[in-house]
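Open your viewer and get ready to make a few selections. We will go from stop to stop, with a short note on what to look for at each one.

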Amino acid sequence: MKLDLKRISVTDGAVIPFSYDADLTKEEMNGEYPFRTPVHIEGEVRNHLGVLRLQASASALYETQCARCLTPVKKDVTAQCSYVLVQEVQEDDRDDMYLIDGQSIELDDIIIPALLLEVDFAYYCKPDCKGLCPKCGKNLNEGPCGCSTREIDSRLAVLQKLLDKDD
Ligand SMILES: [Zn+2]
Ligand SMILES: [Zn+2]
């Protein structure tokens, strides 16, 4: 959303609140399109003694699959940002300054990148997800598949053969 700052740029204490939904359904992350529902963005730009400060938060539902067992996972992802809006680079260049071009800002350009930074590399259905059996593909959270016990059995069989040879 584009915000026109002209009407608050000369009035101390003036505020422009904003609250809107952004469409990120075409945003690709790790080969998926995880933002299937609108991303909510809200905040304000306030003129404090002639300095414009932007404060905003974004909240989204991130829909992906568990990195271990591939079951669907939905996680809330939120981001906050706070910037002083400046029209030219300042001498005392601080981290929280955002350079604006003219008298308006495109909020999405500031807030969406902050939200994407909050996305984790991988999500899990639960912290102790057991994942899938590498042999048969069964979801091991639903119970053992039998592959592992058979493996132990065959190892024991080999041991048994060695023991037999020693006799
Ligand atoms: Zn899982
Ligand atoms: Zn198995």
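Is Cys 133 buried or exposed? Select it and see: Cys 133 has a relative accessibility of 7%, so it counts as buried, the cut-off being under 20%. Keep in mind throughout that this is a predicted model.

**Stop 1: zinc ion (ligand 2)**

Keep Cys 133 selected and add Cys 136, Cys 145 and Cys 147; the SG atoms of these four residues are the protein donors of the zinc ion (ligand 2), at 2.2 to 2.3 Å from it. Turn on angle labels and you should find 107 to 113 degrees among the four donor atoms, a tetrahedral site. Along the chain, the donors are spaced C-x2-C-x8-C-x1-C. Now colour by accessibility: Cys 136, at 45%, is partly exposed, whereas Cys 133 is buried.

**Stop 2: zinc ion (ligand 1)**

Next, select the zinc ion (ligand 1) together with Cys 66, Cys 69, Cys 125 and Cys 129, which coordinate it through their SG atoms at 2.2 to 2.3 Å. Here the donor atoms subtend angles of 106 to 117 degrees, and therefore the arrangement is tetrahedral. The sequence spacing of these donors reads C-x2-C-x55-C-x3-C. Compare two of the cysteines: Cys 125 has a relative accessible area of 32% and is partly exposed, while Cys 129, with 6%, is buried.

**Stop 3: strands 3, 4 and 5**

Switch to a cartoon view and pick strand 4, residues 51-65. On one side of the pairing, strand 3 runs antiparallel to strand 4, and nine bridges join the two. To see a facing pair, show His 40 and Ser 59, the latter in strand 4. Then move to the hairpin that links these strands: two residues lie between them, and Leu 49 has a positive phi near 55 degrees.

Strand 4 also pairs antiparallel with strand 5 (residues 72-86), through 14 bridges. Show Gln 55 and you will find it opposite Ser 82 of strand 5. This second hairpin has six residues between its strands, and Leu 70 in the turn has a positive phi of about 70 degrees.

**Stop 4: Asn 47**

Finally, go back to strand 3 (residues 39-48) and select Asn 47. Its relative accessibility is 1%, so Asn 47 counts as buried. What lies 3.5 Å from a polar atom of the Asn 47 side chain? Show the backbone of Ser 9: the partner is its oxygen. Expand the selection to contacts beyond four places in sequence, and the neighbours of Asn 47 include Ile 8, Val 10, Asp 12 and Leu 52.

Notes. Residues numbered from 1 in each chain as written. Chains lettered and ligands numbered in written order. Predicted model: local features only at pLDDT ≥ 70, side-chain atom pairs only at ≥ 80, totals over all residues. Heavy atoms only, no water. Helix = DSSP H or I, 4+ residues; strand = E, 2+ residues; numbered from the N terminus. Buried < 20%, exposed > 50% of the residue type's maximum accessible area, 1.4 Å probe, protein only. Polar contact = N/O pair within 3.5 Å; in protein donor to acceptor, adjacent residues only side chain to side chain. Contact = heavy atoms within 4.5 Å. Donors = N, O, S within 2.8 Å, 3.2 Å for Na, K, Ca; no water. Tetrahedral: all angles 85-135°; square planar, octahedral: opposite > 155°, others 65-115°. Pairing = 2+ DSSP bridges.
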